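Grab your viewer and work through these exercises with the model open. Each one gives you a task, then a solution you can follow step by step.

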Amino acid sequence: MNDSSSHDDQRADTDLLIAIAQTSIPLQRREQIEVILTERGMSVDDINCLRQLAGLPALSNFPFGDRPASRFRRIGAFLIDIIVLNLSMMLVHFLLHQSGLAWAKSLSGIFVSLCLGYMLIRDALPNGGIGKRCLRLRAVTVSHGEALTVWRSCQRNLAMLMTVFELIAFLFNENKQRMGDQLAKSIVVDLYPE
């Protein structure tokens with residue numbers, strides 16, 4: 001029964017891409033549909049197979065096209081993360097300080113540790129971190145456009161400790177990859193490019 005359902009889903013996806021190829025849907029909309037198919041669990045190889053059936057060119061590296069996200073949007077996403085975390089840490093610190101609890105400092109320390117942990121694993125969360133989610137960006141693997149694992153997310157975000165080298169790589173790399181991206185073999189892409 002599951003095989004039949006899976007086969008029906010694949011057939012529906014194939015029919016959808018063929019219909020897209022035969023209509024005048026703009027490329028941006030086609031890419032949005034492919035993002036939805038990817039989120040439904042379709043692999044890059046499957047999407048490329050469907051694109052071939054629909055007479056469309058294959059995607060070279062990942063299912064979001066070949067356009068890395070702009071540097072300004074990536075910086076914006078990072079700033080959103082930093083602002084949200086700082087405001088929440090200040091609020092928690094203020095509330096704990098006002099509570100007069102004997103163990104308020106310990107709780108404050110635990111919350112700071114949770115925030116640092118978030119900064120390390122945020123790219124492995126189901127829809128990415130707060131900043132990337134707000135700006136509709138996602139960090140994915142270069143090879144297949146898959147979501148990052150916790151390990152890869154930690155690799156790419158720990159590299160931020162090498163600030164100067166990170167900044168140089170970010171500014172001059174043609175794919176807008178910072179050192180952390182190169183270490184984790186990841187790239188940040190625009191989910192809905194303009």
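Which exposed residues does the face of α8 turned away from its buried side carry? Keep in mind that this is a predicted model.

**Exercise 1. Work out the two faces of α8.**

Solution.
- Step 1: start with the residues in question. Val164, Phe165 and Phe172 are exposed and sit on the face of α8 turned away from its buried side.
- Step 2: now list the buried ones. Glu166, Ala169 and Phe170 are buried in α8. They share a side of the helix because the arc they cover around the axis is only 100 degrees.
- Step 3: recall the helix geometry. An α-helix has 3.6 residues a turn, so residues three or four places apart point the same way.
- Step 4: see what the buried side packs against. The partners of the buried residues of α8 are α4 (71-99), α7 (150-158) and α9.

**Exercise 2. Find what sits over the ring of Phe170, and count the aromatic pairs.**

Solution.
- Step 1: go to Phe170, one of the buried residues of α8. The charged end of Arg71 sits over the Phe170 ring, 5.9 Å from its centre.
- Step 2: check that against the 6 Å limit for a charge over a ring. The 5.9 Å of Arg71 and Phe170 goes with a charge that does sit over the ring.
- Step 3: look for ring-on-ring pairs. The count of aromatic pairs in the structure is zero.

**Exercise 3. Is Asp181 buried or exposed, and which side chain does its own side chain make a polar contact with?**

Solution.
- Step 1: place the residue. Asp181 belongs to helix α9, which spans residues 179-184.
- Step 2: read off the accessibility. Asp181 has 0% relative accessibility, so it counts as buried.
- Step 3: find the polar partner. The side chains of Asp181 and Arg156 make a polar contact at 2.8 Å.
- Step 4: widen the view to contacts. Beyond its neighbours within four places in sequence, Asp181 touches Arg74, Arg156, Lys176, Ser186, Ile187 and Val188.

**Exercise 4. Compare Met179 with the buried cut-off, then look for its contacts.**

Solution.
- Step 1: locate Met179, which is also a residue of helix α9.
- Step 2: apply the cut-off. Buried means under 20% relative accessible area. Met179 comes in at 25%, so it counts as partly exposed.
- Step 3: list contacts, again skipping neighbours within four places in sequence. Met179 is in contact with Ala159, Met162, Phe165, Glu166 and Ala169.
- Step 4: check a backbone distance. Met179 and Arg156 are 23 residues apart along the chain, and their C-alpha atoms are separated by 7.5 Å.

**Exercise 5. Where is Gln177 found, and which backbone oxygen lies 2.7 Å from a polar atom of its side chain?**

Solution.
- Step 1: find the segment. Gln177 is in the loop that runs between α8 (163-172) and α9.
- Step 2: get its burial. Gln177 counts as buried because its relative accessibility is 10%.
- Step 3: identify the oxygen. The backbone oxygen belongs to Ser186, at 2.7 Å from a polar atom of the Gln177 side chain.
- Step 4: collect the contacts outside four places in sequence. Among them are Arg74, Val142, Ala169 and Phe170.

**Exercise 6. Examine two residues with positive phi.**

Solution.
- Step 1: set the expectation. Most residues other than glycine have a negative phi.
- Step 2: take Arg136, whose phi is near 55 degrees. Arg136 sits in the loop between α6 (130-134) and β1 (137-141), and at 43% relative accessibility it counts as partly exposed.
- Step 3: take Lys185, where phi is again a positive value near 55 degrees. Lys185 is in the loop between α9 and β2 (186-190), and its 53% relative accessibility makes it exposed.

**Exercise 7. Zoom out: what pattern does the chain follow along the sequence?**

Solution.
- Step 1: count the elements. There are nine helices and two strands.
- Step 2: put them in order. The pattern reads α-α-α-α-α-α-β-α-α-α-β.
- Step 3: add the burial. Of 194 residues, 37% count as buried.
- Step 4: check contact range. Of the contacts between residues at least 6 apart in sequence, 68% join residues at least 24 apart.

Methods
Residues numbered from 1 in each chain as written. Predicted model: local features only at pLDDT ≥ 70, side-chain atom pairs only at ≥ 80, totals over all residues. Heavy atoms only, no water. Helix = DSSP H or I, 4+ residues; strand = E, 2+ residues; numbered from the N terminus. Buried < 20%, exposed > 50% of the residue type's maximum accessible area, 1.4 Å probe, protein only. Polar contact = N/O pair within 3.5 Å; in protein donor to acceptor, adjacent residues only side chain to side chain. Contact = heavy atoms within 4.5 Å. Phe/Tyr/Trp six-rings, centres within 6.5 Å; stacked < 30°, edge-to-face > 60°. Lys NZ or Arg CZ within 6 Å of the ring centre and 35° of its normal. Arc of directions from axis to C-beta.
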